[in-house]
Amino acid sequence: MKPTIGITMGDAAGIGPEIIMKALGHQEMYDQCNPLVIGDAKILERVLPVIGSSLNVNAIQEPSEAKYEFGTVDVIDLNLVPADLEYGKVSAMAGDAAFQFLAKAIDLAKKQQIHSICTAPLNKEALHQGGHLYPGHTEILADLTDTQDFSMMLTTPNLRVIHLTTHMGLIDAIASINPERTYTVVKLAHDTLKKAGFENPRVAVCGINPHAGENGLFGNGEEEEKLQPGIERAQQEGINVVGPLPADTLFFRAGRGDFDIVVACYHDQGHAPIKVMGIEEGVNITVGLKGGIIRTSVDHGTAFDIAGKNIADDKSMLAAIRSAIELAPKDQG
């Protein structure tokens, strides 16, 4: 049975609606899954002439009303934003709507009416203006599923990265790292890849300081204090993990196949290599959500500067949907 993938529309003023409709113009999506958009039907309809598409939009209220037929895009229509919402402008209304789209998708996932969530990008400033003070999608998902131990994983065709910290300042990020967090994320990385079919996932942990501290030459012993005990605990449980290793060479080694996944200590340490090596096909995955909820996302933003201009590429959205399909529970249709 094909999984049902809930695709949230993201910020209606950005490129989310465009890349969703472009992606769902590919027959392969319907061959592999039942795509169900959660968003606003009139916003999807208004991008059709922009992208030169002949798709139809089927506005529904329940998944049971969906047709799941190529040529017709089924959308759970929350009807939250006006059809004339201006492209490329921060809007509190659009920010709130993006939150509501995701909340609805989480509700459907909890009810097992969808089997994975794939998210189009939201705008953090709009989200905050809309009254939702979260750093991003990942933290919303964790809050609405009551999940404490979660992490952000990024993937490209040649590299996988999971993060100890994400959306916080660098000083705060380093302060928040501890052995328990290191162990938790290493185990999340191992368990996620095991479920995806890796027999013995090879995990490598980045150092915090240049050259991973180089035996105390750089930093104040952060590697020994914050990383090493968590790594050793995971090793004692049989997890194939090494580190801390210097970040300036680790990503090269992982890219050539020495490791299956890299544990990055902070946002830019993990994001920069991913975006250099394959931003067009990058996928953002939230790991460890309660209830086994799977969430994937494009690894780019709302791109307000090109919204409504038929410039946005759907490669990352296609990759995100494919990842949602691959990670969906195999015992459900």
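A residue counts as buried under 20% relative accessible area, as exposed over 50%, and as partly exposed in between. R233, with a relative accessible area of 34%, is therefore partly exposed. The same cut-offs apply at each stop of this tour through a predicted model.

**The whole chain**

Begin with the entire protein chain in a cartoon representation. Twelve helices and twelve strands make up its secondary structure. Along the principal axes, the C-alpha trace spans about 60 × 40 × 35 Å. The radius of gyration of the protein chain is 20 Å, which agrees with the value near 20 Å that a compact globule of 333 residues would have.

Next, colour the residues by relative accessibility. Of the 333 residues, 56% count as buried. With the surface displayed, the accessible area comes to about 13,700 Å², and carbon and sulfur atoms account for 49% of that area. How far apart in sequence are the residues that contacts join? Among contacts between residues at least 6 apart in sequence, 74% join residues at least 24 apart.

**Charged side chains**

Select the charged side chains. The protein chain carries 27 positive and 43 negative charges, and the mean positions of the two sets are 3 Å apart. The structure holds ten salt bridges, three of which can be visited in turn.

Go first to D40 and K42, whose side chains meet in a salt bridge with an N to O distance of 3.1 Å. Are these two partners buried or exposed? D40 has 0% relative accessibility and so counts as buried, whereas K42, at 23%, counts as partly exposed.

Then select R233 together with E237. Their side chains form a salt bridge at 4.0 Å, N to O. E237 counts as partly exposed because its relative accessibility is 43%, and R233 is partly exposed as well, at 34%. Add E180 to the selection: E180, R233 and E237 are linked in a network of salt bridges.

The third stop in this group is R253 with D258. The closest N and O atoms of this salt bridge are 3.3 Å apart. D258 is partly exposed, with a relative accessible area of 25%, and R253 counts as partly exposed at 30% relative accessibility.

**Backbone geometry**

Now show the backbone atoms. Most residues other than glycine have a negative phi, and most peptide bonds are trans. The next three selections depart from one or other of these patterns.

Select G243 and P244. Which kind of peptide bond joins G243 and P244? The bond is cis, with omega at about 0 degrees. P244 lies in strand β9, which covers residues 241–245.

Move to N79, in the loop between β4 (72–77) and α4 (92–110). N79 has a positive phi of about 50 degrees, although this residue is not a glycine. With a relative accessible area of 51%, N79 is exposed, since exposed means over 50%.

Continue to D146, which is placed in the loop between α6 (137–144) and β6 (151–156). D146 is not a glycine either, yet its phi is positive, at about 55 degrees. At 47% relative accessibility, D146 counts as partly exposed.

**A buried loop residue**

Select L55, in the loop between α3 (41–51) and β3 (56–60). The relative accessible area of L55 is 9%, so this residue is buried. Which residues does L55 touch, leaving aside its neighbours within four places in sequence? L55 is in contact with M21, L24, G25, L48, G71 and V73. Display these side chains around L55, then draw a distance from L55 to L24. The two residues are 31 apart along the chain, and their C-alpha atoms are separated by 8.6 Å.

**A helix residue and a distant partner**

For the last stop, select D107 in helix α4. D107 counts as partly exposed because its relative accessibility is 29%. Draw a C-alpha to C-alpha distance from D107 to T156: the two residues are 49 apart in sequence and 29 Å apart in space. To end the tour, keep this pair on screen beside L55 and L24, whose C-alpha atoms are 8.6 Å apart with 31 residues as their separation along the chain.

Conventions:
Residues numbered from 1 in each chain as written. Predicted model: local features only at pLDDT ≥ 70, side-chain atom pairs only at ≥ 80, totals over all residues. Heavy atoms only, no water. Helix = DSSP H or I, 4+ residues; strand = E, 2+ residues; numbered from the N terminus. Rg over C-alpha atoms; globule rule 2.2 N^0.38 Å. Buried < 20%, exposed > 50% of the residue type's maximum accessible area, 1.4 Å probe, protein only. Contact = heavy atoms within 4.5 Å. Areas by Shrake-Rupley, 256 points an atom, 1.4 Å probe, with all protein chains shown as cover. Lys, Arg positive; Asp, Glu negative; His and termini not counted. Charge placed at Lys NZ, Arg CZ, Asp CG, Glu CD.
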